[in-house]
Amino acid sequence: ESGRATEFRFARAMLPLALFGLLHGFHEWYEMFQLFAAAKSGPAETRVAGMRALARLGDASAVPVLIGAAQAAGEVARAAQDALASLQGKEIDAAIVGMLEQGDAKLRPVLIELVGRRRITSAVSALRKAADEADETVRAAAIQALGKTVSLEDLPVLALLGVDDRR
């Protein structure tokens with residue numbers, strides 16, 4: 001009978017525990033959305049603080065917000081770039097490569113620099129394409145990023161990019 005009493009107490013405790021878990025989960029999401037809002041708009045100090053918090057707590061969903069902020073000027077851009085560089089995980093790399101491959105022209109220089117800074121080797125083919133673009137800024141950023149991501153087998157390709165006289 002003692003075992004049944006323990007099971008009964010455990011079963012009665014499950015509802016409050018489940019409610020606590022749900023409330024905690026909603027609170028976590030609410031805080032994340034507050035961080036997104038802080039990183040997107042407001043005074044520079046608030047945006048920088050939001051980005052630093054996203055660097056510690058963020059996941060792949062923070063990448064578009066931080067990429068957008070990385071296009072700003074000054075301390076906001078530096079904080080966004082630092083946050084993007086410090087986020088951990090393959091899903092972060094995949095989100096960055098996915099955005100690079102989508103080809104938004106105004107984001108490309110920031111994304112390419114970020115690929116090099118994070119040394120994302122899965123982006124080498126996208127960087128090769130970017131290294132052949134007409135835009136000098138994109139091309140230079142891609143060659144620099146390739147220098148940080150290319151494997152030893154592809155090193156001759158990188159050397160040829162530096163001496164290509166078509167440009």
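So, the structure holds 4 salt bridges, counting a side-chain nitrogen of Lys or Arg within 4 Å of a carboxyl oxygen of Asp or Glu. Before I go on: this is a predicted model, where local features need pLDDT of at least 70, side-chain atom pairs count only at pLDDT 80 or more, and totals for chains, interfaces and linings use all residues. Residues are numbered from 1 along each chain as its sequence is written, and side-chain values use heavy atoms, with hydrogens and water left out.

One of those bridges joins aspartate 82 to arginine 117, with the closest N and O atoms 2.6 Å apart. That pair links distant parts of the chain, since aspartate 82 sits in helix 4 and arginine 117 in helix 6, 35 residues apart. When I say helix, I mean a DSSP run of H or I, at least four residues, numbered from the N terminus.

Now, what lines the largest cavity? Gln81, Leu84, Val110, Glu113, Leu114 and Arg117 do, so here is arginine 117 again, next to the definition: on a 1 Å grid over the protein atoms alone, a cavity is a set of points where a 1.4 Å probe fits but cannot get out, and lining residues have an atom within 4 Å of a point. Helix 4 and helix 6 (108-118) are the elements giving two or more residues to that lining, and helix 6 has the largest share, 4 residues. The count is 1 cavity of 30 Å³ or more, and the largest has a volume of about 50 Å³, the volume being the space filled by probe spheres set on the points, which are joined across faces, edges and corners.

Over to the other partner of helix 4. The axes of helix 3 (residues 63-70) and helix 4 (residues 74-86) come within 7 Å and cross at roughly 145°; those axes are lines fitted to C-alpha atoms over the stretch in contact, with angles from 0 to 180 degrees between N-to-C directions. From helix 3, Val63, Leu66, Ile67, Ala69 and Ala70 meet Val76, Ala77, Ala80, Gln81, Ala83 and Leu84 in helix 4, contact meaning heavy atoms within 4.5 Å.

Last thing, just past helix 6. Arginine 119 has a positive phi of about 55° although it is not a glycine. Its place is in the loop between helix 6 and helix 7 (124-131). For context, most residues other than glycine have a negative phi.

How values were computed: On a 1 Å grid over the protein atoms alone, a cavity is a set of points where a 1.4 Å probe fits but cannot get out, and a pocket is an open set with protein on both sides within 12 Å along at least five of seven lines; lining residues have an atom within 4 Å of a point.
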